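Colleague: I should be grateful for a close look at one part of this model, namely a pair of packed helices and what lies around them. Please take me through it step by step.

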Amino acid sequence: MQTIHMCDLYGQYLTMKEEIDGAIQGVIQSTHFIKSGKVLDFEQKLSEYLDAHVISCGNGTDALQIAFMALGLEPGDEVITTPFTFVATVETAVLMGLKPVFVDVDRDTFTIDVSQIEELITPKTKVILPVDLFGQCANLEEIRALAEKYNLYVVEDACQALGTDYIFKNGTTQKAGTIGNIGCNSFFPSKNLGAFGDGGAIFTKDDELAAVIRSIANHGMKAKYQYERIGVNSRLDSMQAAILEVKLKYFDQHIAARQKAAAYYDQHLAGIDGLEIPERVDYSTHTFHQYTLKVERRDELQEFLKTKGIPSMVYYPEVLHLQEAYQFLGYKKGDFPVSEKLVKSVLSLPMHTELDEEQLEYIVESIKEFFNLSQRR
Ligand SMILES: *Cc1c(COP(=O)(O)O)cnc(C)c1O
């Protein structure tokens, strides 16, 4: 059996090697390493895929910062989000002088608990920032309704959910990242659509906002050497765009491969005592950036899998409100009990496009062995 990887980027590359190598060579020969037609080509193709404007940028963290900049927020404005996410979501808000206001997550879906948002809305609240964690959308239709009621923006952190479909109550669908006023995405190598380095993008369906975002990402430029606002330098380089353009062709196929692996895990792990498979919801598909279990004896299982040569990861091992850097926000232990419990029980299994049945079988049999062994003890 092949070595089991948490995420097999090299194996995936080999399936597209010729095309990717050709794309890289093409950029080298053109020497247009920055701001080339390649970048615009890729943006155009992704824009068609998503049915929204796509403005590429340096990484997902920049995408969040640029989103905040584009909305013209004032220092002290409040951003409602969750403490069970990657740090960038909160870090960029703080860097922009905004105040993160945390809401606990829903235990089953890991996404923001919408029922707890309304009570936290104050006159300073300007943004609700749901995170489509692990590849499944937050309950965006309800969040959008709340935002409309209180005249707030929705910034969707869709960094883990590119390609996921949000399903509205009327049956129509829209791609993750295009449902809020602005959506943020990352092309970090292990993300659903991963580059060979850093990359990110900002999505919006609003033409005016799209123009503002494009200007901000490019030094606040209006025309060459004319600056209409304070901006940043954040761009996707041509090499990454060329690679991503190749990978976008296979993107739906790659999502299907992740979903097939997830279905195998589901089928063989459902019903095991002491383990919960990821919950599905009727308002979103799942693209499985991560396949994340809840396991009471998480650390023991992780150790056991390690002895079997099976990698697994804990996303995330600590909640943000208890991290040293965020003490100043004034939260304490017990403020977000669901998130605080999840960090002790979540375990993400190997998930990528190259997992074969032999590997999957070995992984589920090893997990079953752990639980059988422990029953006998
Ligand atoms: C990956 C990620 C980011 C940041 O993306 P980078 O490209 O690494 O800057 C932000 N938010 C979430 C939820 C992420 O998973």
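Modeller: In this predicted model, helix H4, residues 60-70, packs with helix H5, residues 88-95, at an angle of about 40 degrees, and their axes are 9 Å apart. H4 is therefore oblique to H5, since angles under 35 degrees would count as roughly parallel and those from 65 to 115 as roughly perpendicular. The crossing in which H4 passes H5 is right-handed. On the H4 side, the contact is made by Thr61, Leu64, Gln65 and Phe68; H5 contributes Ala88, Thr89, Glu91, Thr92 and Ala93. By character, the residues of this contact comprise four nonpolar, four polar and one charged.

Thr61 of H4, which takes part in the contact with H5, is also listed with Gly60, Gln160, Ser186 and Lys191 as the closest of the 15 residues that surround the ligand. Three of these residues can be described in more detail. Glycine 60 places a polar backbone atom 2.8 Å from an oxygen atom of the ligand. Serine 186 has a polar side-chain atom 2.7 Å from a ligand oxygen atom. For lysine 191, an N or O atom in the side chain is 3.0 Å from an oxygen atom of the ligand.

Two points of backbone geometry may also be noted. Phenylalanine 134, in the loop between strand S4 (125-128) and helix H6 (140-150), has a positive phi near 65 degrees although it is not glycine. The peptide bond from tyrosine 315 to tyrosine 316 is cis, with omega near 5 degrees, and tyrosine 316 belongs to the loop between helix H10 (298-307) and helix H11 (337-345).

How values were computed
Residues numbered from 1 in each chain as written. Predicted model: local features only at pLDDT ≥ 70, side-chain atom pairs only at ≥ 80, totals over all residues. Heavy atoms only, no water. Axes fitted to C-alpha atoms, helices over the stretch in contact; angles between N-to-C directions. Helix = DSSP H or I, 4+ residues; strand = E, 2+ residues; numbered from the N terminus. Parallel < 35°, antiparallel > 145°, perpendicular 65-115°, else oblique. Left-handed = near helix turned anticlockwise from the far one by under 90°. Contact = heavy atoms within 4.5 Å. Nonpolar A, V, L, I, M, F, W, Y, C, P; charged D, E, K, R; others polar. Near = heavy atom within 4 Å. Polar contact = N/O pair within 3.5 Å; in protein donor to acceptor, adjacent residues only side chain to side chain.
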